[in-house]
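I opened my notebook to look up pockets and cores. Here are my entries.

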Amino acid sequence: MKSRFKYNLFFFIGVIITSQPLLAQNSILKGDEKKERQVNLPTKIELISTLPPKDNLWVFVMAGQSNMAGRAFVTPQDTIPDPRILTVTNDNQWAFAKEPLHRYKPKLMGLDCGRAFAEEILKNTNDSIHIALLPCAVGGTSIKEWLGDSLRRKVHLYSNLKEKLNFASKHGVIKGILWHQGENDAKNGNITSYKDDFIKLIQSFREDVENKSLPIIIGELGENLNNEKNQANRELINDILAKVSKQDENMRLVFMQDLTTFDGYHFDRSSVQMMGQRYAREFMSIYKVF
């Protein structure tokens, strides 16, 4: 009896010891992700002096609020530059795209979907193509703030996007806009005018790019299981996004409701990566080169 008890005790202790690294990893990637996501941020930005030919530089805008800006855990691998994935800094300089790309909220910076999106596109193109990601998303913003060019985090939302578009269009070809927004409007119950506001914003994007058929990829709002009223409003916004996208042959809606969060609101690392891959596949369903 004693020997069996001693064996079981040693076995139990062994399980605890051997499982500690896994428990620690899960703690970082889930519960503590909000706190720990910045431990691997790059210490410097690597600027680029020589760009590929204009037709070989495909430019994509990333716009919306925090789940497009990215709040997930950044690993060292995310900060290793890929010579075919570029970005534009806050002061409009070309650089290698190291995560995090969005730097408007320094204390909240994290992994976004940009690198996963670009990598998925590049897997399906020839080696001459480069991807440029324009980070324009700012957390906590409403659709009316985008339409009204509100000042958030020391940038005017729409003017900042236009400025980056104008800069990048001199060096590359604008291929599409990646949009994810609506959590703010769901939280505050701004549902009635959301459809009209969204359509106006899409029209503005295409007018400024001077391309009526510009591909625009939009994402559903994820589930909020912490608040029934907020979830109901999210479903209403998702219905609006679905209806508008069905009426626009150059728009695609990305399924997001199965993605998981680390805090009830912001997508975790694996979900952010799936988000990027899904955006890429929806873009490729429009762009007939693939």
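What volume does the second largest pocket have? I looked it up: about 220 Å³. I keep in mind that this is a predicted model.

Entry on the second largest pocket. I found 13 residues in its lining. Nearest its centre lie Gln77, Asp78, Arg115, Glu119 and Gln273. I then checked the helices. At least two lining residues come from α4 (114–122), and at least two from α10 (269–286). I sorted the lining by class: six residues are charged, four nonpolar and three polar.

Entry on the largest pocket. I noted a volume of about 450 Å³. Its lining has 23 residues, and Gln65, Glu183, Lys187, Tyr265 and His266 are the closest to its centre. Here I wrote down α3 (66–69), α7 (183–188) and α9 (228–246), each with at least two residues in the lining. By class, I read 10 polar, nine charged and four nonpolar residues.

Entry on the cores. Which residues have the most contacts inside the largest nonpolar core? I found Trp94, Trp179, Phe198 and Phe205, in a core of 42 residues. I recalled a general point: in soluble globular proteins, nonpolar side chains tend to be buried together.

Next I followed Trp179. Leaving out residues up to four places away in sequence, Trp179 touches residues including Trp146, Tyr194, Phe198, Phe205 and Tyr279. Ala63, Gly64 and Met68 are also among its contacts. Apart from the largest core, I found another core, of 33 residues. Met68, Leu133, Met256 and Phe267 are among its members. I marked Met68 twice: it belongs to this other core, and Trp179 touches it.

Notes:
Residues are numbered from 1 along each chain as its sequence is written. This is a predicted model: local features need pLDDT of at least 70, side-chain atom pairs count only at pLDDT 80 or more; totals for chains, interfaces and linings use all residues. Side-chain values use heavy atoms; hydrogens and water are left out. On a 1 Å grid over the protein atoms alone, a cavity is a set of points where a 1.4 Å probe fits but cannot get out, and a pocket is an open set with protein on both sides within 12 Å along at least five of seven lines; lining residues have an atom within 4 Å of a point. Grid points are joined across faces, edges and corners, and a volume is the space filled by probe spheres set on the points. Helices (H or I, at least four residues) and strands (E, at least two) are DSSP runs, numbered from the N terminus. Ala, Val, Leu, Ile, Met, Phe, Trp, Tyr, Cys and Pro count as nonpolar, Asp, Glu, Lys and Arg as charged, and the others, Gly among them, as polar. A nonpolar core is a set of buried Ala, Val, Leu, Ile, Met, Phe, Trp, Tyr and Cys residues joined through side-chain atoms within 4.5 Å. Buried means under 20% relative accessible area, exposed over 50%, partly exposed in between (1.4 Å probe, protein chains only). Contact means heavy atoms within 4.5 Å.
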